[in-house]
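Trainee: I'd like a close look at one part of this protein. Could you pick up the strands and the salt bridges around them, and take me through it slowly?

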Amino acid sequence: MHEGCIGASPIKPTVAITIHTLEVYRQTHRVCPRLSIHAEAKKLCHLHGIRYHRYLADQLQVAFDVYIEVQRHVDTRVDSALGQDSPNWHMLNACPACHYEVEDEPTMPFSFQLSMDGNNSAKLVDPILRHGNECPDPRDQHCYFWMLEEYVDRFKHEVCNARQQALLPTEVPDSGQATETNDTWVDEPDSDDSSSSEPVSVCLDRWRNATPEARKQMFAVMKYPLVTIHRLMEVYQRPFVYGYDIKCMFEKIISRSSLSSTVHQLGVDGVVNGFHGHAHNRLSNTIEDFETCERMFSESNGVAPEIRNASEFHRHQVLNEHFRFSKLDKYASLSTFIYHNYVQALDSIWTNEDFLHQFPMSPDDFEADLSDECLYLQTAASKRKEDSVEIDYVKALLELEDADQKEIAGVTRRRTNTSKKLSMKMDAVEAVENQMGLTEHWSPTDPRRVAAQSRITHCSFHKAADDVERLVVMWLLELTKLQMSGLGYKLRTQISKALKTRANAICNAIEWYNKFAARLDPPRPELTWEKIAEYSFAGEFDLLRETDEQIHAKHWASPANCQAAIQYFDVQRSKEELTRCNVEIVRLLTKMRDDEEDYAMSISMLQSTDPPLAAELDRRWTYLCNVNAGHHSHIRQIQQLAGYTGSFSPDEGFIDDYNGVSVIVLLD
């Protein structure tokens, strides 16, 4: 170690790797996660002109493990010197713009926003499925990124307990409240069962239509999002909003879990992220995309091939390194992110306000339309299921009439089987009539039968609309996968064939939809491919399913008014974004000022007592100072924008110099 090398074995090493080589590989692997330790060993062999052997990669791995362990101890000492070793410090300071609150700042509805999702790519392959026996490795690479298994398992029985609670009888809600079925823990029905009744939840139905089959088993692992919410509330003690693709169902899970009271007390809320917004009812949608997890998974998937078959220790090590670097990278681009948000918000305000000034609707009209739409959707969500006794009775009558026609047609043919079926249909009709207390059949012109027949037609129409949506969404997902990198030739060929098959299925589904749409009173307009594509992107399938003619008379249902409302609320949200950006700028400036004071004080104290640690702190501060200089430059650009509404002006501040790096210090 004193010679700048790390041996490949603890006793009498014959091979040693320079610390510089290990650091180069560490930084290269951070920016190129697909570079494995074997590829690095092969590169070194080529540079030194020797033949590659697998044991050389093993020796490089051993030396790299020691190097990472040394770096971990150095990080611990640095955190201690800076006073950053208190419990949960790294979580509380993960993002200065979100968590570094200052005095006298405007009150935010939510302290911060976050995104939740699951990812299978980074899973560890079960040792049972791998060749050979796994060598025991007692080493531990857990850090503050991880939650221990014992901590997570505290919620492993929450789902079962919540389901049992859901099955218990509950009080009848007030008539003015929107109600749904108590049992949200329904088993997944067979997708081929066309005779099933309407789904229990509109959002659950939309999620089933939009989500691949593999993800429908997510209810079995609900302990992970539950413990995540618990951990966030435990550490931050602030209201926050989370984005989750199955938020609608997860919200019901939380309401019946042990976290319910804490969630309501802190004001925690959830929304549906942008990609899955079309798969949920409109009350769950939001303007923000909340697709941070997808972008993070896109980056972390680079290390997935390396860790799937690795030991648990090396899997933790690789993920720790990846997310440590990701944290540094996100901090370095924080001011750029704020700058682009500020410019985007200003552009939205300038673009939409010109249109709204000429549109014949006032802000009060838009707000009234929004309230009316929310009220309508809440009422629509509370409609009872189409599974009444009258529906069952009319279905039985229709089946009896159909069986009777088959009996007449089979006079000259074998009629034993047909007679048995007819007798069974008659028994079914009589059973329902006894239940309803009827003495004679409903005639085809009976108003009760006509009303029930209309509801059956609506159910068939809803089923046809569901099929169209499901096929279109699956087509979009497959089309997206076709554009992803890292897919092999065979998989691309399979996806291409599936797209062709899906296109034919969509055409058939549209024909089926138009068939039932024509039977409605009044008939619904026919659908074309262009309209379907627009619905899928705009998330309008809930309105497509709605057969109530009153909705078309609603002021907010007009396409022109709807587009104007989107622009109006885009302006309102953009103004809120400006306020949020102004708060984040002050928080970031405060964080940079405090870092400068903390590093300067710690370096000064350690120069006499621990010079090596002081040198390490000075090296890290030099890098951080360069990053902060970029933050100051971007903040200066924000303050020079036309339309800037922050508390600082571009002329307030002075230039300071630290270690040769110019820093702009802004004063209030």
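Mentor: Here is a walk through strand 4 and its surroundings, followed by some of the other charged pairs.

Keep in mind that this is a predicted model. For orientation, the protein has 24 helices and seven strands, and 41% of its 668 residues are buried. Of the contacts with a separation of 6 or more, 73% are between residues 24 or more positions apart.

Now go to strand 4, residues 240-243. Phe240 and Tyr242 point one way, Val241 and Gly243 point the other way, and all of them are buried. That fits a general pattern: in a regular strand, side chains alternate between the two faces of the sheet.

What does strand 4 pair with? Strand 3 (residues 112-115) runs parallel to strand 4, with four bridges joining the two. If you want a spot to start from, find Phe112, whose bridge partner in strand 4 is Phe240. Strand 5 (residues 269-271) also pairs with strand 4 in the parallel sense, this time over three bridges. There, look for Val241, which has Asp269 as its bridge partner in strand 5.

Next, step back to the loops that come before strands 3 and 4. Glu101 sits in the loop between helix 5 (96-99) and strand 3, while Arg238 sits in the loop between helix 9 (223-236) and strand 4. Their side chains meet in a salt bridge, 3.5 Å from N to O. The two residues are 137 apart in the chain, so this pair links distant parts of it. As for cover, Glu101 is partly exposed at 37% relative accessibility, and Arg238 is partly exposed with a relative accessible area of 37%. In general, side chains of opposite charge can pair when their charged atoms come close.

Carry on along the chain from strand 4 and you reach helix 10, residues 247-255. Here Glu251 forms a salt bridge with Lys247, and the closest N and O atoms are 3.4 Å apart. This pair stays inside one helix: Glu251 and Lys247 are four residues apart, about one turn. Are the two partners buried or exposed? Glu251 is partly exposed, at 35% relative accessibility. Lys247 is buried, because its relative accessible area is 8% and the cut-off for buried is under 20%.

For a salt bridge between two helices, look at Lys575 and Glu353, where the closest N and O atoms are 3.7 Å apart. Lys575 lies in helix 23 and Glu353 in helix 15 (residues 334-358), so the pair ties together parts that are 222 residues apart in sequence. Lys575 counts as partly exposed at 38% relative accessibility, and Glu353 does too, at 25%.

While you're on helix 23 (residues 559-609), find Asn582 as well. Asn582 is buried, at 13% relative accessibility. Leaving aside residues up to four places away in sequence, Asn582 touches Tyr342, Tyr644, Thr645 and Gly646.

To finish with the charged residues, the count comes to 20 salt bridges. Some are joined up: Asp75, Arg324, Glu616, Arg619 and Arg620 are linked in a network.

Methods. Residues numbered from 1 in each chain as written. Predicted model: local features only at pLDDT ≥ 70, side-chain atom pairs only at ≥ 80, totals over all residues. Heavy atoms only, no water. Buried < 20%, exposed > 50% of the residue type's maximum accessible area, 1.4 Å probe, protein only. Contact = heavy atoms within 4.5 Å. Pairing = 2+ DSSP bridges. Salt bridge = Lys/Arg side-chain N within 4 Å of Asp/Glu carboxyl O.
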